[in-house]
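I opened this notebook page to record what I looked up, entry by entry, in the structure shown below.

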Amino acid sequence: MSDFGQSLRLWFAPRRVREEGQTPDYRFSLANERTFLAWLRTALALIGGGFAVDQFLPDLPWGVRAGMALGLLGAGVLCALRAVNHWVRCEQAMRRGEDLPVSRFPVLLSVVIAVVAVAMVVVVLFGWEGGR
Amino acid sequence: MTAVPERDPGLQPERTRLAWRRTTLAYTVAAVLAARQVAGGDLSAAGLVAVALSALVWLGFLWVAHRRVRELGVRPRPRALSAGAALAAVACTVALAGFAVAMVV
């Protein structure tokens, strides 16, 4: 958690990232930037999913709909914050010549999405059978 | 090692520019969905304010992306993304999600 505190300080003192170590090859920094943007798009997709659930599933009870939408929006926020955190840590590691930070986040996100997808399949099947 | 090539053969700045464009597009889709929330017709006053603010943060994101895209095109070896720009982009994204909560609940 102290790692997180440290990167949090870096978020708000951006100059300190530049002061440390050596400037890496610009191509590595650009690759890091593209990874950051890819995570940001993932976050935006989750947020868009939150809107979509609210707008395109009007038959669901309000509680279920709002719960799913809030879950997706929360995941989107988490993903966005994690994107900038990981970007800062990678940038810092490259400047110091250290190994890039490893992260459990991709696994966590995939598992959550897989569980939700399986749950959706079950819901769709049951809904379909119940409708007949 | 002979002469330093003028242009990166891997087109890294170009690819990064396109990544910004894709992200802007993704943000725009989310912002359009936010605007579409008005069509539901059951938004509270706070919800309407949230829709208006979403349009505002969308413009903010466009501005951040535009500046970075321009910066990437100026030199053959652009500088790394500034932490301020990264934070601003994330802040706009988180703000959109926050306004979404106000509309959904």
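**Entry 1: the interface between the chains**

I began with the area lost between the two chains, and found that chain B and chain A bury about 3400 Å² between them, with 72% of it on carbon and sulfur atoms. I note at once that this is a predicted model, and I read every value below in that light. Within the share that chain B buries against chain A, L87(B), V90(B) and V104(B) supply 16%, which is more than any other three residues do. Counting contacts instead of area, I found 41 residues of chain B touching 33 residues of chain A.

I then looked up the polar side of the interface, where the rule finds 10 residue pairs in polar contact, both residues of each pair being at pLDDT 80 or more. The elements of chain B that give two or more residues to the side touching chain A are helix 1 (12–36), helix 2 (45–74) and helix 3 (83–104). Sorted by class, that side of chain B has 27 nonpolar, 7 polar and 7 charged residues.

**Entry 2: salt bridges**

How many salt bridges are there over all chains? I obtained a count of 6. R68(B) lies in helix 2 of chain B and E33(A) in helix 3 of chain A, so this pair joins two chains. Their side chains meet in a salt bridge at 2.7 Å, N to O, and the count between chain B and chain A is 1 salt bridge.

Are these two partners buried or exposed? R68(B) is buried, since its relative accessible area is 2%, and E33(A) is buried as well, at 0%.

I followed R68(B) further and found that E71(B) also forms a salt bridge with R68(B), the closest N and O atoms being 3.4 Å apart. E71(B) and R68(B) are separated by about one helical turn, because they stand 3 residues apart in helix 2 of chain B. E71(B) is partly exposed, with a relative accessible area of 36%. Through shared partners, salt bridges join E33(A), R68(B) and E71(B) into one network.

**Entry 3: R65(A) and D54(A)**

I turned next to a pair within chain A, where D54(A) forms a salt bridge with R65(A) and the closest N and O atoms are 3.5 Å apart. This pair links distant parts of the chain, with D54(A) in helix 3 and R65(A) in helix 4 of chain A, 11 residues apart. Helix 4 of chain A, which holds R65(A), covers residues 62–96. R65(A) counts as buried because its relative accessible area of 14% falls under the 20% cut-off, and D54(A) is buried too. Leaving aside neighbours within four places in sequence, I listed V53(A), D54(A), L57(A), P58(A) and L60(A) as the contacts of R65(A).

**Entry 4: N32(A)**

I looked up N32(A) in helix 3 of chain A, which spans residues 26–56, and found N32(A) buried, with a relative accessible area of 8%. Beyond its neighbours within four places in sequence, N32(A) is in contact with W87(A), C90(A), E91(A) and M94(A). For one of these, M94(A), I noted a separation from N32(A) of 62 residues in sequence and of 9.8 Å in space, C-alpha to C-alpha.

**Entry 5: cysteines**

How many disulfides does a search of the whole structure find? The search finds 0 over all chains. I also checked the accessibility of two cysteines: C79(A) is buried, at 0% relative accessible area, and C92(B) counts as buried at 11%.

Technical notes:
Residues are numbered from 1 along each chain as its sequence is written. Chains are lettered from A and ligands numbered from 1 in the order in which they are written. This is a predicted model: local features need pLDDT of at least 70, side-chain atom pairs count only at pLDDT 80 or more; totals for chains, interfaces and linings use all residues. Side-chain values use heavy atoms; hydrogens and water are left out. Helices (H or I, at least four residues) and strands (E, at least two) are DSSP runs, numbered from the N terminus. Buried means under 20% relative accessible area, exposed over 50%, partly exposed in between (1.4 Å probe, protein chains only). Contact means heavy atoms within 4.5 Å. A disulfide is a pair of cysteine sulfur atoms within 2.5 Å. Buried area is the accessible area (1.4 Å probe) that two parts lose on being put together, summed over both. A salt bridge is a side-chain nitrogen of Lys or Arg within 4 Å of a carboxyl oxygen of Asp or Glu. A polar contact is a pair of N or O atoms within 3.5 Å; within protein, one must be able to donate a hydrogen and the other to accept it, and residues adjacent in sequence count only if both atoms are side-chain atoms. Ala, Val, Leu, Ile, Met, Phe, Trp, Tyr, Cys and Pro count as nonpolar, Asp, Glu, Lys and Arg as charged, and the others, Gly among them, as polar.
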